[in-house]
Amino acid sequence: ATFLPLRNDLGDPVAPEEEWYEVGEEAVSAVRRCRSDGGRVVAVGTTSVRTMETVADGERGLRRGSGTTGLFISPGYQFAVVDALLTNFHLPGTSLLQLVAAFAGRELAAHAYNEAVRRRYRFYSYGDAMLVL
């Protein structure tokens, strides 16, 4: 559902649907080790971003847990855990593109997407990808 447009056919806003997540002790420990070694936490995919930001412990780490997240990340959001993002190019008007713009900034995201269109990159699942640092 996160691939759906943020507006319905009448132009009314629509919140993205919730996604299931499960974060175990191994992930919590990996982020803790990464931080203690001075590394950066790289999320692979937008679901990973939403998950880690949902279970953030307030100290740049994670808490164990499972459930659903309805977290909507848009420009202005302050990231608590994620330092870099590997993701594909998302369709216009979706919550996923808003998440990318929140992470990269609107101007840089717009520039990257304009370049992707110019170079005929493939959008959507199984398309081209980008690393946002």
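# Exercises on a predicted model

In this predicted model, Arg 60 is partly exposed, with a relative accessible area of 34%. Let us use that residue to warm up.

**Exercise 1. Find where Arg 60 and Arg 120 sit in the chain, and describe their phi angles and their exposure.**

Step 1. Begin with the location of Arg 60: it belongs to the loop between α2 (46-54) and β3 (65-69).

Step 2. Now look at its backbone. The phi of Arg 60 is near 70 degrees, which is positive although the residue is not glycine.

Step 3. Turn to Arg 120, which lies in the loop between α4 (106-118) and β5. Its phi is near 60 degrees, again a positive value in a residue other than glycine.

Step 4. Settle the exposure. Exposed means over 50% relative accessible area. Arg 120 has 74%, so it counts as exposed. Arg 60, at 34%, is partly exposed.

**Exercise 2. Lay out the elements of the chain: how many helices and strands are there, and in what order do they come?**

Step 1. Count the elements: the protein chain holds 4 helices and 5 strands.

Step 2. Read from the N terminus. The order is β-α-β-α-β-β-α-α-β.

Step 3. Check the confidence. The average pLDDT of the chain is 89, and 89% of the residues score at least 70. Among the elements, strand β2 (residues 42-44) has the highest mean, 98, and helix α3 (residues 95-104) the lowest, 91. Keep one caution in mind: where pLDDT is low, predicted coordinates should not be read in detail.

**Exercise 3. Work out which strands pair with β1 and β4, and what their side chains do.**

Step 1. Take β1 (19-23). It runs antiparallel to β3, and 5 bridges join the two. One bridge links Glu 19 to its partner Thr 69 in β3.

Step 2. Look at the two faces of β1. Glu 19, Tyr 21 and Val 23 form the covered face, while Trp 20 and Glu 22 form the uncovered one.

Step 3. Move to strand β4 (residues 84-88), which pairs with β5 in the antiparallel sense over 4 bridges. Here Asn 88 has Ala 129 of β5 as its bridge partner.

Step 4. Follow the side chains along β5 (residues 129-132). Met 130 and Val 132 point to one face and are buried, whereas Ala 129 and Leu 131 point to the other and are not. This fits a general pattern: in a regular strand the side chains alternate between the two faces of the sheet.

**Exercise 4. Is Thr 69 buried or exposed, and which residues does it touch?**

Step 1. Place the residue: Thr 69 lies in strand β3.

Step 2. Apply the cut-off. Buried means under 20% relative accessible area. Thr 69 has 3%, so it counts as buried.

Step 3. List the contacts. Leaving out residues up to four places away in sequence, Thr 69 touches Glu 17, Glu 18, Glu 19, Tyr 21, Arg 50 and Thr 54. Glu 19 is also its bridge partner.

**Exercise 5. Describe the surroundings of Asp 83.**

Step 1. Asp 83 is in the loop between β3 and β4.

Step 2. Its relative accessible area is 18%, so Asp 83 is buried.

Step 3. Its side chain and that of Arg 35 are joined by a polar contact of 2.6 Å.

Step 4. Neighbours within four places in sequence set aside, Asp 83 contacts Arg 35, Gly 39, Arg 40, Val 41, Arg 60, Phe 103 and Leu 133. You met Arg 60 in the opening sentence as a partly exposed residue.

**Exercise 6. Which element gives the most residues to the largest nonpolar core, and how is that element placed?**

Step 1. Start with the core itself. It has 28 residues, and those with the most contacts inside it are Val 49, Met 52, Leu 62, Phe 79, Val 81, Val 82 and Leu 85.

Step 2. See who contributes. The elements that give two or more residues are β1, α1 (25-36), α2, α3, α4 and β5. Helix α3 gives the most, with 6 residues.

Step 3. Look at α3 more closely. Of its 10 residues, 8 are buried, so the rest of the structure largely encloses it. Among the buried ones are Leu 96, Leu 99 and Phe 103, and the buried residues pack against α2, β4, α4 and β5.

Step 4. Try one core residue. Not counting residues up to four places away in sequence, Val 49 touches Ala 43, Ile 73, Phe 79, Val 82, Leu 85 and Leu 99.

Definitions and conventions
Residues numbered from 1 in each chain as written. Predicted model: local features only at pLDDT ≥ 70, side-chain atom pairs only at ≥ 80, totals over all residues. Heavy atoms only, no water. Buried < 20%, exposed > 50% of the residue type's maximum accessible area, 1.4 Å probe, protein only. Pairing = 2+ DSSP bridges. pLDDT = per-residue confidence, 0-100. Core = buried A, V, L, I, M, F, W, Y, C linked by side-chain atoms within 4.5 Å. Contact = heavy atoms within 4.5 Å. Polar contact = N/O pair within 3.5 Å; in protein donor to acceptor, adjacent residues only side chain to side chain.
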